[in-house]
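Work through the following exercises with the sequence and the model side by side, and attempt each task before reading its solution.

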Amino acid sequence: MHMEIETGLDVTLELLGARTGNCQRAAIALEEAGLEYTPVLVDLRGGQQRLASHLRLNPAGKVPVLVERTGGRETFVLSQSNAIMLHIADLGPNKLLPPENSRERLIAYERFMYVVTDVIAPSHAGFFMTGSLQHVQASMHHRRSLEALALSERFLVDSQFLAGETFTLADICAVSFAMYEAQSIDWERLPNLRRWFQEVTARPAVMRGFRTFERLR
Ligand SMILES: N[C@@H](CCC(=O)N[C@@H](CS)C(=O)NCC(=O)O)C(=O)O
């Protein structure tokens, strides 16, 4: 079934989430895109993500979830933080990816995937291993994610942002990780990454998105 993406004044957006990296990235994307949205806190410790009302929206029982309503009627539901970010990238007045069918867009995809799969995925693996007391494996994955972030120094030698001269989803993903890991990053060795980190964390929309679910506690 083909479903048109709805845009317009009567379309409202709700972001269901909590104070976690996956949800913060989606919130930063909404803020940077210049879109109005309502954040809704899901109490993960209290198990709200496993309630029938949430499982109807995301059978995986996880956040974030983006709910679109048109004229008050639920018209579209999207989960998976990266799918949500890709959707938002083209939705608002501020674009978070270069134009479609451009090489710049492909580079932005490359850098976005790099951060998501090479930096954030090992970090998640490490997090789960810490939870199951596998400390040696946890620190190995943690080191891998930090090394992958450090390698992105080379993307920033001649560019303001990770994928060139415009701010993209790649920057959102990397900054959300770097904010949690600021104490573990060897900034002295990474002057371009440091300059980038200072610039990106000075963006009001980035910090608003990062704190979205904090404000709801
Ligand atoms: N691949 C998913 C992962 C979603 C995910 O793991 N969400 C976590 C919070 S960051 C969650 O909802 N955890 C609650 C649970 O597993 O019960 C995405 O990127 O959206």
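**Exercise 1.** Determine which residues of helix 5 are buried, and which helices they pack against.

Solution. Helices here are DSSP runs of H or I with at least four residues, strands are runs of E with at least two, and both are numbered from the N terminus. Taking buried to mean under 20% relative accessible area, exposed over 50% and partly exposed in between (1.4 Å probe, protein chains only), one finds Ala138, His141, Ser145, Leu146, Ala148, Leu149 and Ala150 as the buried residues of helix 5. These buried residues pack against helix 4 (103-131), helix 6 (169-181) and helix 7 (191-201), where contact means heavy atoms within 4.5 Å.

The model is predicted, so local features need pLDDT of at least 70 and side-chain atom pairs count only at pLDDT 80 or more, whereas totals for chains, interfaces and linings use all residues. Residues are numbered from 1 along each chain as its sequence is written, and side-chain values use heavy atoms, with hydrogens and water left out.

**Exercise 2.** Check the span of helix 5 (residues 135-151) against its expected value.

Solution. The expected span is 1.5 Å times one less than the number of residues. For the 17 residues of helix 5 this should give 24 Å, and because the end C-alpha atoms are 24 Å apart, the two values agree.

**Exercise 3.** Establish how strand 1 (residues 11-17) pairs with strand 2 (residues 38-41) and with strand 3 (residues 65-70).

Solution. Two strands pair if DSSP finds at least two bridges between them. Strand 1 and strand 3 are joined in the antiparallel sense by six bridges, with Thr70 as the bridge partner of Val11. With strand 2, strand 1 pairs in the parallel sense over four bridges; Glu14 has Thr38 as its bridge partner there, and Leu15 stands opposite Pro39. Finally, five of the seven residues of strand 1 are buried, so this strand is largely enclosed by the rest of the structure.

**Exercise 4.** Find the distances from ligand atoms to N or O atoms of Gln49, Val63 and Ser81.

Solution. A ligand oxygen atom is 2.8 Å from a side-chain N or O atom of Gln49, and a ligand oxygen atom is 2.6 Å from one in the side chain of Ser81. For Val63, a backbone N or O atom lies 2.8 Å from a ligand nitrogen atom.

Terms used
Polar contact = N/O pair within 3.5 Å; in protein donor to acceptor, adjacent residues only side chain to side chain.
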